[in-house]
Amino acid sequence: MSRLVERLAQISTVSKSDVQAVMGDLASVLADYMSLGYTVEIEGLGTFYYTAVTNKQGVSTAEEVSPEQITDVRIRFLPETSRSSDNKTVTRALSNVEIKWEEYGSKNEKTTSSDGDDGDDDLPLG
C-alpha cells in the first residue's frame, strides 16, 4: 500500500496523505455499493462484483431455489478491456506493458512498453 500511495502522489497533484485517505476508504465504499447489489466499475481499472457459491445441488424449478443453497459469497474482478478497431484484438487494462520472458541466465535485453516507456521506473512486478 505504501508503494502505491508513494507512486500515486508522485504522478498526481495530491499529497501522500490525501492519497492514503482515499485509498483507505476505497474498500469500504466498494463494499457498501456491492452489498446493495451494485456492480462497481472503476474506469481504467475494471469491474468488481459479488458472486454466490452454491452447494452444487441443482433444482428443477425456480420455486425450489432457496438461500440455503448459497454457501459462500466471493468478490470477483474483471480488468477493463478494450478492442482494436477491427474488433480482433482485446487488451486488458492491467496488462498494457510488454513483458518479455527470458530463460534464467540469458542476456537481459531492454524491452519497451506499449506506452513508449522504457520500463526504468524501478516498479516491482510482484
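These legends describe close-up views of a predicted model of one protein chain.

**View 1. The whole chain holds two helices and five strands.** Start at the N terminus and follow the chain. The elements run α-α-β-β-β-β-β. The chain has 126 residues, and 10% of them count as buried. It exposes about 10,600 Å². Carbon and sulfur atoms supply 52% of that area. Now look at contacts between residues at least 6 apart in sequence. Of these, 29% join residues at least 24 apart.

**View 2. A nonpolar patch lies on the surface and includes Met1.** Four residues make up this patch: Met1, Leu4, Leu8 and Ile11. Together they have about 380 Å² of accessible area. Met1 sits in the segment before helix 1, which spans residues 2–11. Is Met1 buried, partly exposed or exposed? Its relative accessible area is 48%, so Met1 is partly exposed; the exposed class begins over 50%.

**View 3. Three strands form an open sheet.** Their order is 1-2-3, and the pairing is antiparallel. Which strands stand at the edges? They are strand 1 (40–42) and strand 3 (70–79). Each of these has a single partner strand, so one side of each is left without a neighbour in the sheet. Neighbouring strands are turned by 25° against each other on average, direction ignored. Helix 2, residues 16–35, packs on this sheet. The helix touches strand 1, strand 2 and strand 3. Its direction makes about 55° with that of strand 2. As background, strands of a sheet pair through backbone hydrogen bonds.

**View 4. Strand 1 and strand 2 form a hairpin.** Three residues lie between the two strands. Gly44 is in the turn and has a positive phi of about 85°. How many bridges join strand 1 and strand 2? They pair over three bridges, in the antiparallel sense. In one of these pairings, Ile42 has Gly46 of strand 2 as its bridge partner.

**View 5. Strand 2 also pairs with strand 3.** Strand 2 covers residues 46–54. It meets strand 3 over nine bridges, again in the antiparallel sense. Find Phe48 in strand 2. Opposite it, in strand 3, stands Phe77. As a general rule, side chains in a regular strand alternate between the two faces of the sheet.

**View 6. Phe48 is a buried residue of strand 2.** Why does Phe48 count as buried? Its relative accessibility is 18%, and buried means under 20%. Which residues does Phe48 touch, leaving out those up to four places away in sequence? They are Leu30, Met34, Thr39, Val40, Ile42, Ile75, Arg76 and Phe77. Leu30 and Met34 fall within helix 2 (residues 16–35). Val40 and Ile42 fall within strand 1 (40–42). Ile75, Arg76 and Phe77 fall within strand 3 (70–79). Pro79 is 31 residues from Phe48 along the chain. The C-alpha atoms of Phe48 and Pro79 are separated by 8.9 Å.

**View 7. Lys56 lies in the loop between strand 2 and strand 3.** Is Lys56 buried or exposed? Lys56 is exposed, with a relative accessible area of 71%. Check its backbone too. Phi of Lys56 is near 65°. That is a positive value in a residue other than glycine.

Notes: Residues numbered from 1 in each chain as written. Predicted model: local features only at pLDDT ≥ 70, side-chain atom pairs only at ≥ 80, totals over all residues. Heavy atoms only, no water. Patch = residues over 30% accessible without salt bridge, like charges linked within 9 Å, V, L, I, M, F, W, Y side chains within 5 Å. Areas by Shrake-Rupley, 256 points an atom, 1.4 Å probe, with all protein chains shown as cover. Salt bridge = Lys/Arg side-chain N within 4 Å of Asp/Glu carboxyl O. Helix = DSSP H or I, 4+ residues; strand = E, 2+ residues; numbered from the N terminus. Buried < 20%, exposed > 50% of the residue type's maximum accessible area, 1.4 Å probe, protein only. Pairing = 2+ DSSP bridges. Axes fitted to C-alpha atoms, helices over the stretch in contact; angles between N-to-C directions. Contact = heavy atoms within 4.5 Å.
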